[in-house]
Amino acid sequence: MSIAKKQYKRITVKTLVEMKANNEKIAMLTAYDYTMAKIVDHAGIDIILVGDSASNVMAGHETTLPITLDQMIYHAQSVVRAIERCLVVVDLPFGTYQGNSRKALESAIRIMKETGGHAVKLEGGKEISESISRILTAGIPVMGHLGLTPQSIYKFGTYTVRAKEEEEAKKLIADAKLLEKIGCFSIVLEKVPAKLAEKVAKIVSIPIIGIDAGAEVDGQVLVMHDMLGMTYEFNPRFLRRYLNLYDEMTEAFQNYIKDVKNKNFPNDKEQY
Ligand code: KIV
């Protein structure tokens, strides 16, 4: 049970800002379905992100670009049905908010109305600030996402560390300040040097949640399937695996197959 679970009955966007002020780290994980969301909420997670990484780990796409708003809504509905305590943030998928703030607002409203999620997340800084501002006018909390933004992977070309050069680091700091100023309640910072992430977390008063951004930020996020060791082909340095489920599940499946083939399942006690 986490320290936060004892202190906070229900996590809201206000709680998170309070947690940063109290120097309490924020723990966030992705989830995409009812069963996993129920377990992770009961474990005491602060935030579930219904990430567009569902495009990779649930649907098997190479990038996050193909997932649709309807598909994100389906995943978020399943997660929201399961949770009692944590905050649920839902990614707005590629093509539902860039370059058109009206469309961005419509997309965010669909998420809030149809899923019961508590907030949305959008990737980008200044270039999408109009969309963020418009969503905020409807009272919808927005989490930003800077650094490596996977929806722009074809612009970057690779998944390597972002903002190593001064110019990009300066833009990132300016974007973080802007997102705070226009009213984002938090920012995910992905794959940037730890020193830069630390600097950003000190400059802004809203929580910075890091993924591959070092320890000196206000919280951490991981993709659930990666930290459970289900995605064995993905081996970045930052990833800590808390289980080795790929191997454990393979063994369980093989034992089941063996039992069926050998007529060991079901046994006398497992039938009527
Ligand atoms: O979609 C996702 O899982 C994310 C995390 C990597 C932060 O955006």
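Colleague: Where is Pro 266 found?

Modeller: In this predicted model, Pro 266 sits in the segment after helix 12, which covers 245–261.

Colleague: Which residues does the cis peptide bond join, and what is omega?

Modeller: The bond is between Phe 265 and Pro 266, and omega is about -5 degrees.

Colleague: Next, the backbone phi angles. What is phi at Ala 163?

Modeller: Ala 163 is not a glycine, yet its phi is positive, about 55 degrees. The residue lies in the loop that runs between helix 8 (153–156) and helix 9 (166–182).

Colleague: Is Ala 163 buried or exposed?

Modeller: The cut-off for buried is under 20% relative accessible area. Ala 163 has 3%, so it counts as buried.

Colleague: And where is Asp 212 placed?

Modeller: Asp 212 is in the loop between strand 7 (208–211) and strand 8 (219–222). Its phi is positive too, about 60 degrees, and Asp 212 is not a glycine.

Colleague: What is the relative accessible area of Asp 212?

Modeller: The value is 23%. Partly exposed covers the range between the 20% and 50% cut-offs, so Asp 212 is partly exposed.

Colleague: Turning to the whole chain, how many helices and strands are there?

Modeller: The protein contains 12 helices and eight strands.

Colleague: How should I read the radius of gyration of the protein?

Modeller: Set it against the value for a compact globule of 272 residues, which would be near 19 Å; the protein has 20 Å, so the two agree. For the extents, the C-alpha trace spans about 65 × 40 × 40 Å along the principal axes.

Colleague: What share of the residues is buried?

Modeller: Of the 272 residues, 49% count as buried. The accessible surface is about 14,500 Å², and carbon and sulfur atoms hold 54% of it.

Colleague: What share of the contacts joins residues 24 or more positions apart?

Modeller: Among contacts with a separation of 6 or more, 59% are of that kind.

Colleague: How many side chains are positive and how many negative?

Modeller: There are 35 positive and 34 negative side chains, and the centres of the two sets are 4 Å apart.

Colleague: Which domains does the assignment give?

Modeller: Domain 1 takes in 13–241 and domain 2 takes in 244–272. Four residues from domain 1 and four residues from domain 2 make up the contact.

Colleague: How far apart are the C-alpha centres of domain 1 and domain 2?

Modeller: The two centres lie 38 Å apart. Helix 12 (245–261), from the start of our talk, precedes the segment that holds Pro 266.

Note on methods
Residues numbered from 1 in each chain as written. Predicted model: local features only at pLDDT ≥ 70, side-chain atom pairs only at ≥ 80, totals over all residues. Heavy atoms only, no water. Helix = DSSP H or I, 4+ residues; strand = E, 2+ residues; numbered from the N terminus. Rg over C-alpha atoms; globule rule 2.2 N^0.38 Å. Buried < 20%, exposed > 50% of the residue type's maximum accessible area, 1.4 Å probe, protein only. Contact = heavy atoms within 4.5 Å. Areas by Shrake-Rupley, 256 points an atom, 1.4 Å probe, with all protein chains shown as cover. Lys, Arg positive; Asp, Glu negative; His and termini not counted. Charge placed at Lys NZ, Arg CZ, Asp CG, Glu CD. Domains from an automatic or database assignment.
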